[in-house]
Amino acid sequence: MALQLMKILVNASSTTETTPSPSRFFYVTPSGTAAGATLTIDAASFFNDAGTAVTSLPTLPAGNSYFNVFINGVLQMDDISTYTPGATGVGSLAINVPAGGDGILTGTPVILEVVSFTPSTTTTVET
């Protein structure tokens with residue numbers, strides 16, 4: 001019999017699913033914020049989809065999450081907001097209102113949307 005290369009035969013397949021977990025937080029400005037100023041909203045000042053007061057803002061797992069800020073229903077640019085997860089007194093959203101533009105008026109709705117993904121992978125190996 002001739003020489004031949006012997007090797008292991010393996011058949012493998014993987015399936016990865018990502019399940020989004022969105023959270024929305026709402027705030028209505030009690031007073032205006034002038035252009036060039038910063039509006040800082042503490043975690044306890046937000047309320048959730050059920051209208052219940054919020055006590056903590058969720059963490060953002062690296063590589064598996066993001067947040068969006070809407071002011072008066074309009075999605076805002078990324079670099080004007082700073083998100084800090086955590087409980088009351090720590091967790092907050094800071095919005096730097098650009099100088100030279102319009103400020104934020106009293107009674108303006110601010111919506112914070114936080115989306116985290118939970119990935120799961122299933123691998124099947126046949127030999």
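This report walks through a predicted model of one protein chain, from its overall build down to a few single residues.

**Overall build**

Let's start with the big picture. The chain has nine strands and zero helices, so reading from the N terminus you meet β-β-β-β-β-β-β-β-β. The radius of gyration is 23 Å, while the globule rule gives 14 Å for 127 residues; the value is well over the rule, so the chain is more spread out than a compact globule. The box that holds the C-alpha atoms tells you about the outline too: taken along the principal axes, it is roughly 90 × 35 × 25 Å.

How much of the chain is tucked away? Of the 127 residues, 25% count as buried. The accessible surface adds up to about 8,300 Å², and carbon and sulfur atoms own 56% of that. As for how the chain folds back on itself, take the contacts between residues at least 6 apart in sequence: 75% of them join residues at least 24 apart.

**The four-stranded sheet**

Four of the strands make an open sheet in the order S1-S9-S4-S5, paired antiparallel. At the edges sit strand S1 (11-28) and strand S5 (74-75), each of which pairs on one side only. As a reminder, strands of a sheet pair through backbone hydrogen bonds, either parallel or antiparallel.

Which strand does S1 pair with? Its partner is strand S9 (residues 109-126), and the two run antiparallel over 18 bridges. If you want a landmark in that ladder, look for proline 20, which stands opposite phenylalanine 117 in S9.

Serine 23 is another handy spot in strand S1. With 25% relative accessibility, serine 23 counts as partly exposed. Setting aside residues up to four places away in sequence, serine 23 touches Leu112, Glu113 and Val114. For a sense of distance, the C-alpha atom of serine 23 is separated by 19 Å from that of isoleucine 95, which is 72 residues apart from it along the chain.

**The S2 and S8 pair**

Now over to S2, which pairs with strand S8 (residues 92-96) in the antiparallel sense over five bridges. Here threonine 40 stands opposite alanine 94 in S8.

Which side chains of strand S2 (residues 38-42) are buried? Leu39 and Ile41 are; they point to one face, while Thr38, Thr40 and Asp42 point to the other and are not buried.

Just ahead of this strand, the loop between S1 and S2 holds two residues worth a click. One is threonine 33, which is buried at a relative accessible area of 10%. Not counting residues up to four places away in sequence, threonine 33 touches Thr38, Leu39, Val97, Gly103 and Ile104. The other is alanine 37, which is partly exposed at 29%. Beyond its neighbours within four places in sequence, alanine 37 is in contact with Ile95, Asn96 and Val97. Its C-alpha atom and that of glycine 73, 36 residues apart along the chain, are separated by 20 Å.

**A salt bridge and a greasy patch**

The structure holds one salt bridge. It joins the side chains of aspartate 49 and arginine 24, at 2.9 Å from N to O. This pair links distant parts of the chain: aspartate 49 is in the loop between S2 and strand S3 (56-57), arginine 24 is in strand S1, and they are 25 residues apart. Arginine 24 is partly exposed, with 34% relative accessibility.

There is also a nonpolar surface patch of about 310 Å², built from Ile8, Val10 and Val125. Isoleucine 8 lies in the segment before S1. Why is isoleucine 8 called exposed? Its relative accessible area is 71%, and exposed means over 50%, so isoleucine 8 qualifies.

**An odd backbone angle**

Asparagine 72 is not a glycine, yet it has a positive phi of about 55°. You'll find asparagine 72 in the loop between strand S4 (65-71) and S5.

**Exposure at a glance**

Here are some of the residues above, with their relative accessible areas.

| Residue | Relative accessible area | Class |
|---|---|---|
| Isoleucine 8 | 71% | exposed |
| Serine 23 | 25% | partly exposed |
| Arginine 24 | 34% | partly exposed |
| Threonine 33 | 10% | buried |
| Alanine 37 | 29% | partly exposed |
| Asparagine 72 | 56% | exposed |

Note on methods: Residues numbered from 1 in each chain as written. Predicted model: local features only at pLDDT ≥ 70, side-chain atom pairs only at ≥ 80, totals over all residues. Heavy atoms only, no water. Pairing = 2+ DSSP bridges. Rg over C-alpha atoms; globule rule 2.2 N^0.38 Å. Buried < 20%, exposed > 50% of the residue type's maximum accessible area, 1.4 Å probe, protein only. Contact = heavy atoms within 4.5 Å. Areas by Shrake-Rupley, 256 points an atom, 1.4 Å probe, with all protein chains shown as cover. Patch = residues over 30% accessible without salt bridge, like charges linked within 9 Å, V, L, I, M, F, W, Y side chains within 5 Å. Salt bridge = Lys/Arg side-chain N within 4 Å of Asp/Glu carboxyl O.
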